[in-house]
Each structure stands twice: as C-alpha cells, then as structure tokens.
Amino acid sequence: MNVVMANIHINIGSNQNRRENLSKAIYAIKVMFKNTIFSKVYESRAFGFKGDNFYNVGINATTNLIIVEVVNILHDIEETLGRDREASKFSSRSIDLDLTLYDAVIDQNYNLPRDDILKYNFVLMPLAELNPNLVHPQQHQTYTQLQATMGGLKSYNISILNME
C-alpha cells in the first residue's frame with residue numbers, strides 16, 4: 001500500500017521565553033513530522049500591540065496525516081507549551097504554530113494557503129527562504145517574487161536557539 005505524503009509548511013513564533021519555547025516546539029515538530037527542514041530565525045516587532053520582539057521560524061516537513069490531524073497536533077503542542085487560545089490575536093505569545101501550506105491545497109475552512117503569507121514578512125520570509133521557487137497556489141507567483149514586495153527582517157542562524 002502506497003502512503004501519500006503531503007508537503008507542509010509551518011510557521012512558529014514566540015515573544016515570551018523565545019529561545020526555550022521555539023526549541024521545545026521544534027523538538028515536538030521533529031518528533032511528529034518527517035523530513036523537517038528549518039529556516040533561519042527571523043526577528044520581528046510585535047504587530048498590533050506593544051510587546052517584546054518575536055522570533056519566527058519556518059519549517060518544511062512531510063506527513064501522511066490529513067489537514068485536521070496536522071492542525072490538532074499543532075494545537076496540542078501549543079497547549080503543552082502554555083499557549084492561551086483565549087487571548088487576543090494581537091498579544092504576546094509563549095508559542096504560535098500555524099499551518100501555512102499543505103501541498104497546494106486551497107481551503108478556506110483551514111485558511112490554506114494561510115492569508116498571513118501575503119500580509120506579514122515574518123511569515124513570508126521563512127517560507128521564501130525554504131521554498132524560493134514554489135508558486136503560491138492563488139497568486140501564481142513564487143514566494144521569492146512575493147517577498148520582493150515586502151521589507152526585510154533581521155535573521156539569525158538557528159543555532160542561536162541552542163538546540164541539541
């Protein structure tokens with residue numbers, strides 16, 4: 001029996017205990033998904049509220065799970081790391097895990113591809129780093145082309161997270 005593997009992209013962010021929370025989230029994602037590849041760490045200002053700067057990392061991975069199962073795993077990881085899902089969208093976060101892409105699926109119920117790709121450079125830049133020639137399924141432009149329309153961010157080698 002052939003198992004169909006989906007290519008996914010996850011964006012993770014934190015502005016509370018950034019290094020520790022991102023390291024723990026990355027470890028959990030490596031356990032739950034296959035063929036994980038990580039972007040640099042991108043630093044961005046808090047958007048929509050006053051707060052500490054965020055660190056964001058993009059992750060490419062493969063999975064044989066359906067979308068709802070992937071989303072549930074991400075929510076479970078967030079809960080384990082202290083995410084308050086009742087908090088305002090624009091507030092400090094211990095961790096935020098978003099399924100950004102699931103193959104080229106377009107699904108409004110799951111916000112795929114995630115509309116934040118076109119709104120925020122902290123979502124687009126890690127995605128474009130890992131998938132420079134991949135084409136956005138609705139915009140019909142590569143992520144590198146889309147990135148050219150946004151300002152840059154300070155980035156760091158992922159080793160700053162001191163992961164083992």
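Here are some friendly notes on the packing in this structure.

1. Before you start, note that this is a predicted model, where local features need pLDDT of at least 70, side-chain atom pairs count only at pLDDT 80 or more, and totals for chains, interfaces and linings use all residues. Residues are numbered from 1 along each chain as its sequence is written, and side-chain values use heavy atoms, with hydrogens and water left out.

2. Look next at the largest nonpolar core (buried Ala, Val, Leu, Ile, Met, Phe, Trp, Tyr and Cys residues joined through side-chain atoms within 4.5 Å). Among its 27 residues, Ile10, Ile12, Phe33 and Leu99 touch the most other members. Two or more residues come from each of strand E1 (6–14), helix H1 (18–32), strand E4 (54–63), helix H2 (67–80) and strand E5 (96–102); helices (H or I, at least four residues) and strands (E, at least two) are DSSP runs, numbered from the N terminus. H2 gives the largest share, six residues.

3. A second, separate core has 10 residues, including Leu101, Ile117, Leu124 and Leu146.

4. Which aromatic pair does a search of the whole structure find? Tyr120 and Phe122 are stacked, 5.0 Å centre to centre with 15 degrees between the planes. Rings of Phe, Tyr and Trp (its six-membered ring) pair if their centres lie within 6.5 Å; planes under 30 degrees apart count as stacked, over 60 as edge-to-face and the rest as tilted.

5. Is Asn109 buried or exposed? Asn109 counts as exposed because its relative accessibility is 74% (buried means under 20% relative accessible area, exposed over 50%, partly exposed in between; 1.4 Å probe, protein chains only). Asn109 lies in the loop between E5 and helix H3 (121–130).
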